[in-house]
Amino acid sequence: MVTLRKQYAVDRSVYSEDSFAEEHEKVYRLHKTILDHLKEYLTCDSKRAKNAVLSLLPIIGWMRIYRVKEWLLGDVVSGISTGLVAIMQGLAFSLLAGLPPSYGLYTAFFPMLTYFFLGTSRHISIGSFPVLSLMVGAVVTRLVPEKGQAANITGFEGLTPDQQRVVVASSVTFLMGIFQLAMGVLQVGFTVVYLSDTLVSGFTTAAAVHILVSQLKFVLGLEVPGISGPLSVIYTLEKVFVQITSTNICDLVMSILIMLAVYVVKELNDIYKAKLPVPIPIEVITTVIACGASYGFNFEEKFGVEVVGKMVTGYESPIAPNMEIFQESAVEAFPIAIVGFAVAFSVAKVYSIKHDYTIDGNQELIAFGVSNMFGASFRSFAASTALSRTAVQESSGGKTQIAGLISAMMAMIVTVALGFLLEPLPRSVLGALVIVNLKGMLMQFREIPYLWRRDKPDCVVWVLTCLGAILLGLDLGLAVGLGVELLTVVFRTQFPRCSVLANIIGTDLYRDRKDYLHIFEPNGVTIFRIPSPIFFGNIEFFKEKLIEAVGFSPLRILRKRNKALRKIKKLMQKKNDDVTETTEEPGMNMEELPVDIRVPKVDLHSLILDFSAVTFLDISALKGLKMVLRDFIRIDVDVYIVACDVYILEKLHSCMFFDDEIRTSMFFPTLHDTMLHVLEKHKEGTSKARASKVVIVHQL
């Protein structure tokens, strides 16, 4: 690490905020009103209309710069590779949603058609995502349980249980799309920032546990009804272990072999990804082998293996969403919409930074909203992106969403012409593929010790989000995670790490006095720093820490002095002497006071408050701060506020903060200006060596 030793010297006058304002004229800007912003937003011209079209249809932007000779081959190869993965994942993840496998192919096709035109990311692969599939599956299981009566919903009459589940899944997805579209139109894409990486990591890890447990019945060949709601993981495990002796050995052996094969080949893909033109499509290979073995040896009849069964050939006519299902699932649909967008946006952001282009969060919300609404009309379920599928699309040479369109075409070919070949595929194979693809999410448990060492509040967010989502369900778990995350923010701002600063000898720098040995601390001066906004929630904490820093309560000192003053007045009246106004008045000999009268003194003459990290003050904090400052001023302690934000100063003026006691002259631009002013005013001891003229030598 190279340490710079350059020097610079500054020769200027000591400034307070008042003297700086007198010497340097400030430009006062007119701030736009809400009406001005609204008028500007509603104004339309040719340039604005062109930008609106380009924003709404990002395809126009990247198609104009498309390099056919350089990019087309890579997009084609990438589209084929991604399509193979998308087909297998669509079949597998449809089981999580409680739907027949053929509807997973719908999700790999329809949403991509609209995202191709509306999406701003050029690399993410649109389709099913295991977490969303599981969240949709929880609603499907609740309204159409595998055992028992379906919910009393108009529109279920005359439908088979599978058709009822499809109606539920598509309606929930349509409502999810409405939420996403509404948030995009209202320009609230920024809300995704409240889902931190830590929260998303804990949430997706919990989802992986749910997915793992839900797939055990397929891997073991057991008949376990779907369970949703709080403690569903525990209840499902209970039912699995009750039936564990009924495990289908053929399903179990086949699942273990496929998981081992897929895991090993995926590891080899990672090791040799620089040498392989495209990753080995091991999911496709194992699926083809399993299909052939199941068909050739008749696994369904000989070993009782449950297979995919009849695949829907072609596409069905579009359907309208069910309004009653909207009412039943609104609470679940909103978190599904948030999670789907948050995951997709975070993945898209990674690849946009890597390939140097921009993505628009609000436009992504619109794109996903329209895509999910369009897909739901054709019976697909919730679409987002999967990191593994997107990694295949990008690493195999994909440059634009033409690769995504080609992958969607492959799903269409399978649906229209080749679906019957997948009918003998054992469902345990799909379950095994789901489980082996959870490796990345389950490995996030390794983040716990790292977070505990680096940031304990973040670790608490991760653990409580994960536990909440595992035990209470994904929707309630997400709410728990958000609540805990906001509480940590409140905790950090309500109880900040306040410190007392000291000057580093030979510099104009001020640091925590506990962290350095060679420091300069003038007698009678305390520099106090609070590194957070001051608001109604932490103003009392600010007062407590300030009193702790100076070593006394100014209000208590003031009360004791007033009490002593009253005693002195009574004493002087008895002696028929003149009544004085203060105990410090000239002519008052403190040594002649009676022994029982004590006038408390303080060793502090200057208190400096470093407000460089204070970003705002609310009205409650402003009132509390004014009371504290008055208490110190009334016991003859000079108070200075340093590096106060200009907007806070404006607010102080507008709120009538200043009066005869609290004046603008107590505000200074820097700590060093304030210190030099204090040393000049109180020339004692080491302060005599200091000059009023600033000559700073700062070593870097």
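Where is the place of Leu422? In this predicted model, Leu422 sits in the loop between α18 (402–418) and α19. Its relative accessible area is 11%, so Leu422 is buried, the limit being under 20%. Residues up to four places away in sequence aside, Leu422 touches Leu91, Thr287, Cys291, Val308, Met311 and Val414. Asp512 is 90 residues from Leu422 along the chain. The C-alpha atoms of Leu422 and Asp512 are separated by 68 Å.

Nonpolar side chains tend to be buried together in soluble globular proteins. The largest nonpolar core of the model holds 122 residues. Val131 and Val168 touch the most other members of this core. Helix α15 gives the most to the core, with 15 residues. Another core, of 38 residues, lies apart from the largest one. Among its residues are Val602, Ala621, Phe632 and Val637. The contacts of Val131 were examined beyond its neighbours within four places in sequence. Val131 is in contact with Phe203, Ala207, Ile211, Val339, Met441 and Leu474.

Four cavities of 30 Å³ or more were counted. The largest cavity has a volume of about 50 Å³. Its lining consists of Leu195, Leu199, Val200, Phe203, Val339, Ala342, Val343 and Leu478. At least two lining residues come from each of α10 and α15. Phe203 and Val339, both in this lining, are also among the contacts of Val131.

Helix α12 spans residues 249–271 and has 23 residues. From its first C-alpha to its last, α12 reaches 33 Å. This is close to the 33 Å expected at 1.5 Å a residue. Asn248 caps the N-terminal end of α12. A side-chain oxygen of Asn248 lies 3.1 Å from the backbone nitrogen of Cys250. Cys250 is itself one of the buried residues of α12. The others are Asp251, Met254, Ser255, Ile258, Val262, Val265 and Asn269. The cover over these buried residues includes α10 (197–220) and α13 (282–297). It also includes α14 (299–302) and α19 (427–436). Helix α10 thus appears both in this cover and in the lining of the largest cavity.

Two residues other than glycine were examined for positive phi. Asp356 has a phi near 60°. Asp356 lies in the loop between α15 (323–354) and α16 (361–377). With a relative accessible area of 71%, Asp356 is exposed, because the class begins over 50%. Arg379 has a positive phi of about 75° and is not a glycine. Arg379 is found in the loop between α16 and β3 (384–385). Its relative accessibility is 13%, so Arg379 counts as buried. Asp356 is therefore exposed, whereas Arg379 is buried.

Thr526 is located in strand β7, which covers residues 525–529. Thr526 is buried, with a relative accessible area of 12%. Its contacts, neighbours within four places in sequence left aside, include Val500, Ala549 and Val550. Leu604, Ser606, Leu607 and Ile608 are also in contact with Thr526.

Notes
Residues numbered from 1 in each chain as written. Predicted model: local features only at pLDDT ≥ 70, side-chain atom pairs only at ≥ 80, totals over all residues. Heavy atoms only, no water. Helix = DSSP H or I, 4+ residues; strand = E, 2+ residues; numbered from the N terminus. Buried < 20%, exposed > 50% of the residue type's maximum accessible area, 1.4 Å probe, protein only. Core = buried A, V, L, I, M, F, W, Y, C linked by side-chain atoms within 4.5 Å. Contact = heavy atoms within 4.5 Å. Expected span 1.5 Å × (residues − 1). Polar contact = N/O pair within 3.5 Å; in protein donor to acceptor, adjacent residues only side chain to side chain. 1 Å grid on protein atoms, 1.4 Å probe; cavity = no way out; pocket = protein on both sides within 12 Å on 5 of 7 lines; lining within 4 Å. Points joined across faces, edges and corners; volume = space filled by probe spheres on them.
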